[in-house]
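Here are some notes to read with the model open beside you. Take them one at a time, and find each residue on screen before you move on.

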Amino acid sequence: MTIREQLEERERKDLSPFACLAAKSKGRQRPVEPCPVRTCFQRDTDRIVHCKAFRRLKHKTQVFLQPEGDHYRTRMTHTLEVSRVARTIARGLGLNEDLTEAAALGHDLGHTPFGHAGERLLNEIMPGGFRHFEQSLRVVDRLENDGEGLNLTYEVRRGILCHSGGEQAETLEGRVVRLSDKIAYLSADIDDALRGGVIYPLDIPAEVAQELGSTHAQRINTLVMDIISESQGKNEILQSPEKKAAMAQLKEFMFASVYLNPMAKGEEGKAQELLRRLFDYYMGHLDKLPEEFQNIRAAEGEERAVCDYIAGMTDAYAVETYLDLFIPKSWSVK
């Protein structure tokens, strides 16, 4: 018996009857020889962590555009926080931690530069719209590995796609990732907004603080413990009505005080105009697209190729490209 088979047997013995077992995966789009050491979901985690799109997350906006300071979240730190929250819930419920981790680490691979401002811009100008969760799936299915994709398992792919939007993942692990994403970004965004002086501790609604706690750690702990308590022994992922309502109120507060606050988001219009001009430029100069996007252009159309290229940019690379294309350089006399 290989190490992988021993791990699969351990899953059968130890995990909840509602967990998704690696040995029962629906498989990959292209069959591959099983790894002798790793389960299929462990293998997916490794494929995600080692891909280029994952590395670029460290230079993509979470909430604050290119913040000065070492302690603000980036899209990568957010992703890692989601993974930790999700694994804690999965372990507490006896679910498959490897599947949960893989979906959590891959959920934002398709996010644009400049966060949701970039997403809104591409959604406006792309025929058929643009949604980052669909782009995340496209990254792992089509764009990574020189156009071959990462060939992930069905369950991880669904966890990535269904972490946002209307559709629910079939697995409980995927549903855990969906809730963990909300817990992580709400709590972290409060932390960053406090650090940036956009809000102050007493601004947080008193009833929310009373229900969830007044610190970053207390809020996460309260929400995680509530999900584990409410979902234990059930074939669904639940929150108590009180915690769910408090979380909804907190989200409403964050939209009013942070996400739409001109102090925090005043530069978003400039970021969107930057991306719009890049999009228009490459649509008019398609030969300037990198080679891998020329293949997409031929197979799927010009707008799709330009959108994929821009969506994959980091904040800094988008700014650098804009400066190179549109800002005149000083003449250097030697």
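The points below walk through a few helices and loops of this predicted model.

1. Start with helix α7, which covers residues 132-143. How far apart are the end C-alpha atoms of α7? They are only 14 Å apart, although a straight helix of 12 residues would reach 16 Å at 1.5 Å a residue. So α7 falls short of the expected span, which is 1.5 Å times one less than the number of residues.

2. Next, look at what is tucked away in α7. Its buried residues are H132, F133, Q135, S136, L137, R138, V139 and V140. The cover over these buried residues includes α3 (52-56), α5 (97-106) and α6 (115-125). It also includes α8 (154-161), α15 (291-300) and α16 (302-311). Try showing those helices together with α7 to see the arrangement for yourself.

3. Now follow the chain out of α7. Just after this helix, N145 takes a positive phi of about 60°. N145 sits in the loop between α7 and α8. Is N145 buried, partly exposed or exposed? With a relative accessible area of 44%, N145 is partly exposed. As a distance to check, the C-alpha atom of N145 is separated by 28 Å from that of E5, and the two residues are 140 apart along the chain.

4. D146 belongs in the same discussion. D146 also lies in the loop between α7 and α8, and its phi is near 55°, a positive value in a residue other than glycine. At 71% relative accessibility, D146 counts as exposed, because the cut-off for that word is over 50%.

5. For another positive phi, go to F114, in the loop between α5 and α6. Phi of F114 is near 65°, and this residue is not a glycine. Is F114 buried or exposed? F114 is buried, with a relative accessible area of 3%.

6. Turn to the packing of α5 against helix α9, which spans residues 172-195. The two axes come within 9 Å and cross at roughly 45°. That angle makes α5 oblique to α9. The crossing of α5 and α9 is right-handed. On the α5 side, L99, T100, A103 and A104 take part, and they meet E173, V176 and V177 of α9. The residues of this contact divide into five nonpolar, one polar and one charged.

7. Helix α9 also packs with α11, which runs over residues 216-231. Their axes are 9 Å apart, and the angle is about 165°. That makes α9 roughly antiparallel to α11, because angles over 145 degrees are counted that way. The crossing of α9 and α11 is right-handed. From α9 come L179, I183, S187, A188, I190 and D191, which meet H216, R219, I220, L223 and I227 of α11. Here the residues divide into seven nonpolar, two polar and two charged.

8. A general point may help when you look along these contacts. An α-helix has 3.6 residues a turn, so residues three or four places apart point the same way.

9. Finish with S180, which lies in helix α9. At 0% relative accessibility, S180 counts as buried. Which residues does S180 touch, not counting residues up to four places away in sequence? They are V82, V85, A86 and I89.

Technical notes
Residues numbered from 1 in each chain as written. Predicted model: local features only at pLDDT ≥ 70, side-chain atom pairs only at ≥ 80, totals over all residues. Heavy atoms only, no water. Helix = DSSP H or I, 4+ residues; strand = E, 2+ residues; numbered from the N terminus. Buried < 20%, exposed > 50% of the residue type's maximum accessible area, 1.4 Å probe, protein only. Contact = heavy atoms within 4.5 Å. Axes fitted to C-alpha atoms, helices over the stretch in contact; angles between N-to-C directions. Parallel < 35°, antiparallel > 145°, perpendicular 65-115°, else oblique. Left-handed = near helix turned anticlockwise from the far one by under 90°. Nonpolar A, V, L, I, M, F, W, Y, C, P; charged D, E, K, R; others polar.
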